[in-house]
Amino acid sequence: MTAAVPPLTGERVDAVLLDAGGVLILPEHDVMRASLRPYGVEPSDGVLTRAHYAAMAAREADLERPWAAYARAYAEACGVRAGLVGDAADALFVARPEWTSPTPWAGDLRRLVKLGIEVAVVSNAVGTVEWQLRTAGVCQVGDGAGVPVRAVIDSHLVGVRKPDPAIFALGLDAVGTTREHALMVGDYALADVWGAERAGIRAVHLDPYGDCRTTHAAPDVPDLAAVVELVRQRHAR
């Protein structure tokens, strides 16, 4: 886990923008496990969770083939033998799992909302992220089994992707606040952290195992519970 998180600076926090993948949801564990089984591993949910963040670090380090780097690092983190990693990575590509397994800290989203914070999800996705979040029981717009949020902004549907500041502006409009009073939380520094900062929004980087190899000024947080505590400090001002 990462070290103690320094307090946020700046104005009062009234709204939080959240990435979906890695913050609230992960690739469906059962599908990932079944795809890797022929390569001699049977990873637990905990190992699969760990593998995602190792794979995200590899993705950030390879801008030429980010998802290929992700799949290889994921297979390696799950214990696939070196000679089989390439084939296992290919199998993960073929599987194309939905992202419907909640992260271990997704339940802390409810604590965030109970602080009186407006929340919107801002995701680089393929048009299905709102369905994925609802299916996972994490959150939805309006009534449902998960936490009600103000909006789920899917890049495929709005025609703009992080790190473009325009998608963060849509998030601010959805939660009805200004950039000075918002906070972005994401696990992909290149899109989430730098993108938010380009838009003039404070950001924190969710890096539960200290894997990130990207230099950035934003604080690293181990989980959503840490975000709740940071926001509680700034929201009470």
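Two strands pair if DSSP finds at least two bridges between them. Keep that rule at hand for the exercises below, which work through a predicted model.

**Exercise 1. Find out how strand E4 (residues 118–123) is joined to E7, and which residues are bridge partners.**

Step 1. Count the bridges: E4 and E7 are joined by four, and the two strands run parallel. With at least two bridges needed for pairing, these strands qualify.

Step 2. Pick out partners. Ala120 has Ala151 of E7 as its bridge partner, while Val122 is matched with Ile153 in E7.

Step 3. Look at the E7 side. Strand E7 covers residues 151–154, and both of its faces are covered. Ala151 and Ile153 are buried on one side, and Val152 and Asp154 are buried on the other.

**Exercise 2. Work outwards from E1 and place the strands in their sheet.**

Step 1. Start with E1 and E4, which run parallel and are joined by four bridges. Across from Ala15 you will find Glu118 in E4, and across from Leu17 you will find Ala120 in E4.

Step 2. Turn to E8. Four bridges also link E1 to E8, again in parallel, with Leu18 standing opposite Val185 in E8.

Step 3. Write down the full order. The open sheet has six strands, E7-E4-E1-E8-E9-E10, with parallel pairing. E7 and strand E10 (220–221) each have a single partner strand, so they stand at the edges and one side of each has no neighbour in the sheet.

Step 4. Check the surroundings of E1 and E4. In E1, Ala15 and Leu17 point one way, Val16 and Leu18 point the other way, and all are buried. E4 is largely enclosed by the rest of the structure, because five of its six residues are buried.

Step 5. Add a helix to the picture. H8 lies across strand E1 (15–18), E4, E7 and strand E8 (182–186), and runs at about 155° to E4.

**Exercise 3. Identify the residues that touch the most other members of the largest nonpolar core.**

Step 1. The largest nonpolar core holds 61 residues, and the ones touching the most other members are Leu24, Tyr74, Leu109 and Leu133.

Step 2. Follow Leu109. Setting aside neighbours within four places in sequence, Leu109 is in contact with Leu18, Leu24, Val119, Val138, Cys139, Val147, Val149 and Leu224.

Step 3. Do not stop at one core: a second, separate core has 20 residues, including Ala15, Leu17, Phe168 and Ala218.

**Exercise 4. Describe how H3 and H4 pack.**

Step 1. Take the geometry: the axes of H3 and H4 are 8 Å apart, and the helices pack at an angle of about 115°. H3 passes H4 in a right-handed crossing.

Step 2. List the contact. H3 supplies Trp67, Ala68, Ala71, Arg72, Tyr74, Ala75 and Glu76, and H4 supplies Val85, Gly86, Ala88, Ala89, Leu92 and Phe93.

Step 3. Sort these by character: the residues of this contact between H3 and H4 are ten nonpolar, one polar and two charged.

**Exercise 5. Is Cys78 buried or exposed?**

Step 1. Locate Cys78 in the loop between helix H3 (66–77) and helix H4 (85–95).

Step 2. Apply the cut-off. Buried means under 20% relative accessible area, so Cys78, at 8%, counts as buried.

Step 3. See what lies around Cys78. Beyond neighbours within four places in sequence, Cys78 is in contact with Leu36, Val41, Pro43, Val47, Leu48 and Ala51.

Step 4. Compare sequence with space: Cys78 and Val126 are 48 residues apart in sequence, and 26 Å separates them from C-alpha to C-alpha.

**Exercise 6. Examine the backbone at Arg96 and Pro163.**

Step 1. Arg96 has a phi near 45°, which is a positive value in a residue other than glycine. Arg96 sits in the loop between H4 and strand E3 (101–102).

Step 2. Test the exposure of Arg96. Exposed means over 50%, and Arg96 has a relative accessible area of 67%, so Arg96 is exposed.

Step 3. Move to Pro163, in the loop between helix H7 (155–158) and helix H8 (165–175). The peptide bond from Lys162 to Pro163 is cis, and its omega is near 15°.

Definitions and conventions: Residues are numbered from 1 along each chain as its sequence is written. This is a predicted model: local features need pLDDT of at least 70, side-chain atom pairs count only at pLDDT 80 or more; totals for chains, interfaces and linings use all residues. Side-chain values use heavy atoms; hydrogens and water are left out. A nonpolar core is a set of buried Ala, Val, Leu, Ile, Met, Phe, Trp, Tyr and Cys residues joined through side-chain atoms within 4.5 Å. Buried means under 20% relative accessible area, exposed over 50%, partly exposed in between (1.4 Å probe, protein chains only). Contact means heavy atoms within 4.5 Å. Axes are lines fitted to C-alpha atoms, for helices over the stretch in contact, and angles run from 0 to 180 degrees between N-to-C directions. A crossing is left-handed if the near helix is turned anticlockwise from the far one by less than a right angle, and right-handed if clockwise. Ala, Val, Leu, Ile, Met, Phe, Trp, Tyr, Cys and Pro count as nonpolar, Asp, Glu, Lys and Arg as charged, and the others, Gly among them, as polar.
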